[in-house]
Amino acid sequence: MPMDWFLISLLIMVCGTQVRSDGSDHRYKAGDVVPLYANKVGPFHNPSETYRYFDLPFCLPAHMKIKEKKEALGEVLNGDRLVSAPYKLDFQVEKDSEVSCKKKLTTEEVLKFRAAVKKDYYFQMYYDDLPIWGFLGKVEKEGKTDPSEYKYYLYKHIHFDIFYNKDRVIEINVRTDPNALVDLTEDKETDVEFMYTVKWKETNTPFEKRMDKYSQSSSLPHHLEIHWFSIINSCVTVLLLTGFLATILMRVLKNDFVKYAHDEEAAEDQEETGWKYIHGDVFRYPKYKSLFAAALGSGTQLFTLTVFIFILALVGVFYPYNRGALFTALVVIYALTSGIAGYTATSFYCQLEGTNWVRNLLLTGCLFCGPLFLTFCFLNTVAIAYTATAALPFGTIVVIVLIWTLVTSPLLVLGGIAGKNSKAEFQAPCRTTKYPREIPPLPWYRGTLPQMAMAGFLPFSAIYIELYYIFASVWGHRIYTIYSILFIVFIILLIVTAFITVALTYFQLAAEDHEWWWRSFLCGGSTGLFIYGYCLYYYHARSDMSGFMQTTFFFGYMACICYGFFLMLGTVGFRAALLFVRHIYRSIKCE
């Protein structure tokens with residue numbers, strides 16, 4: 001069944017995200033119009049705070065009207081708003097200092113441009129689906145300590161260097177002329193003449209490899225060394241942890257099994273190893289079992305989603321600047337995997353002898369989507385107030401609501417019905433006693449929070465080097481393409497999470513504390529809290545983000561991502577602990 005969903009999602013991915021320019025086959029004759037779209041402008045250090053190109057008072061050539069390009073769902077979610085650019089770059093047609101348009105800037109327009117230059121605004125365009133960037137202007141600070149003495153300039157002359165191979169565009173570079181400037185320092189009307197120069201050069205680079213230059217930056221030798229160092233560091237952590245746990249647990253358990261094989265044991269031995277003496281309580285169902293089953297269902301769905309995203313990444317779907325491909329994949333695969341959440345949650349809830357499975361199903365549907373929806377509503381309102389491109393148009397919101405109503409919800413219900421009818425019974429090797437055994441008083445470090453801190457630290461230490469590169473890619477302008485290394489790190493993260501949760505569960509049971517269900521979930525998921533802690537560090541120490549919109553977007557959406565990690569890794573931790581607990585209690589004779 002999941003394989004069918006994967007094939008469907010792959011088909012939708014291939015059909016839906018292959019964003020093409022108007023020249024759909026990318027072949028041109030001399031003099032043909034090649035599509036050039038202006039995408040967005042925004043402060044360089046605030047990647048979420050982007051605006052439409054013509055929100056700034058650029059002028060248009062006399063014969064031209066603003067024409068908006070139709071965009072796929074993923075592009076809109078990505079904040080792309082493509083419109084026809086004010087430059088005409090026809091195939092193999094060279095131009096020298098061609099005037100695009102002239103304009104008399106009013107005082108208000110000068111202030112707008114000056115504010116943009118002050119914040120290091122950049123522009124982004126797409127030429128035949130190749131991305132290009134440039135800065136709008138520069139601030140002259142040389143020898144001036146007082147900000148009121150700074151001079152602000154707007155670039156008015158752009159140089160396009162375009163490389164072609166026979167009838168295809170291969171590469172485009174943009175330079176701004178440092179000598180062609182408009183002074184924006186004073187609050188007065190200014191005449192500006194926007195110009196551009198186009199040079200064409202031939203190259204032997206094949207069309208299939210034209211995107212390689214964008215992905216090479218993340219594969220530079222010194223970057224790869226850091227990635228491999230990260231993996232070796234993580235592998236050493238895993239080996240040490242695995243070796244340590246295997247040795248300790250095998251020796252301790254072996255001793256336990258030997259002791260428990262004898263009918264009569266000394267009283268001090270009973271106190272020494274206590275996990276056997278709580279066999280009548282260890283499979284007692286947890287409190288809030290509906291919430292627990294819903295968390296397991298959501299975590300399993302997010303785990304499946306992550307695996308599918310990795311498969312698509314490894315087969316090369318997310319090449320650099322395939323605009324919106326990742327967002328489309330996330331929306332589509334999340335919708336198609338909701339049946340997994342419904343099935344897992346309801347079947348487990350029924351195994352725990354729950355009766356109100358409909359409420360459990362509603363809880364499963366809202367557990368991750370609810371906080372995500374509330375966060376989105378708040379952040380979308382902020383984006384609307386800023387008139388930023390991150391604000392989703394009404395039509396896109398309707399599409400997402402329809403996907404949720406017509407795909408996600410029905411699949412969730414179908415999965416829930418299948419789970420309810422699965423009639424699976426909870427496999428407990430020992431019978432549960434009628435009354436719960438009292439938990440002995442435990443030292444403070446055996447409490448839930450100290451255990452979560454211990455459990456989250458090791459998995460986090462295995463991934464934190466890779467985290468920097470992911471953050472720099474998602475919340476910056478670095479490109480990340482080494483998905484194979486990321487996949488290895490993800491596998492290491494799962495292994496460490498599983499092992500550390502098993503170890504802490506054993507020590508908890510040995511201390512005769514039988515409430516391990518929620519504890520194993522919380523310990524497994526605690527890495528998500530560490531990642532959120534890293535967000536605080538990254539924001540203050542490693543990035544130059546500023547402003548209310550960027551700050552709320554960063555912490556709001558990272559909270560949702562870390563919450564997703566919490567649910568996913570919590571599920572991994574609990575499943576590992578459950579396997580372990582069943583195994584050890586199956587190996588002894590329970591009265």
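Two strands count as paired if DSSP finds at least two bridges between them. Strands here are DSSP runs of E with at least two residues, helices are runs of H or I with at least four, and both are numbered from the N terminus. Keep that handy for the tour.

You're looking at a predicted model, where local features need pLDDT of at least 70, side-chain atom pairs count only at pLDDT 80 or more, and totals for chains, interfaces and linings use all residues. Residues are numbered from 1 along each chain as its sequence is written, and side-chain values use heavy atoms, with hydrogens and water left out.

**Stop 1: the whole chain.** Zoom out. The chain has 15 helices and 12 strands, and its C-alpha trace spans about 100 × 55 × 45 Å along the principal axes. Of its 591 residues, 51% count as buried (under 20% relative accessible area; exposed is over 50%, partly exposed in between, with a 1.4 Å probe and protein chains only).

**Stop 2: a small sheet.** Select 137–140 (β7) and 181–183 (β11), then add 151–155, which is β8. These 3 strands make an open sheet, ordered β7-β8-β11, with antiparallel pairing. β7 and β11 are at the edges with a single partner strand each, so one side of each has no neighbour in the sheet. From one strand to the next, the twist averages 30°.

Now zoom in on β7 and β8, which pair in the antiparallel sense over 4 bridges. Which residue in β8 is the bridge partner of glutamate 140? Click on lysine 151.

**Stop 3: the helix across it.** Add residues 107–118, helix α3. It lies across β7 and β8 and runs at about 100° to β8. For angles like this one, axes are lines fitted to C-alpha atoms (for helices, over the stretch in contact), and the angle runs from 0 to 180 degrees between N-to-C directions. Contact means heavy atoms within 4.5 Å.

**Stop 4: two unusual backbones.** Most residues other than glycine have a negative phi. Select tyrosine 288, in the loop between α6 (267–272) and α7 (289–314). Its phi is positive, about 50°, although it is not a glycine. Is tyrosine 288 buried or exposed? At 64% relative accessibility, tyrosine 288 counts as exposed.

Finish at glutamate 512, in the loop between α13 (483–510) and α14 (517–542). Glutamate 512 has a positive phi too, near 65°. With 15% relative accessibility, glutamate 512 counts as buried.
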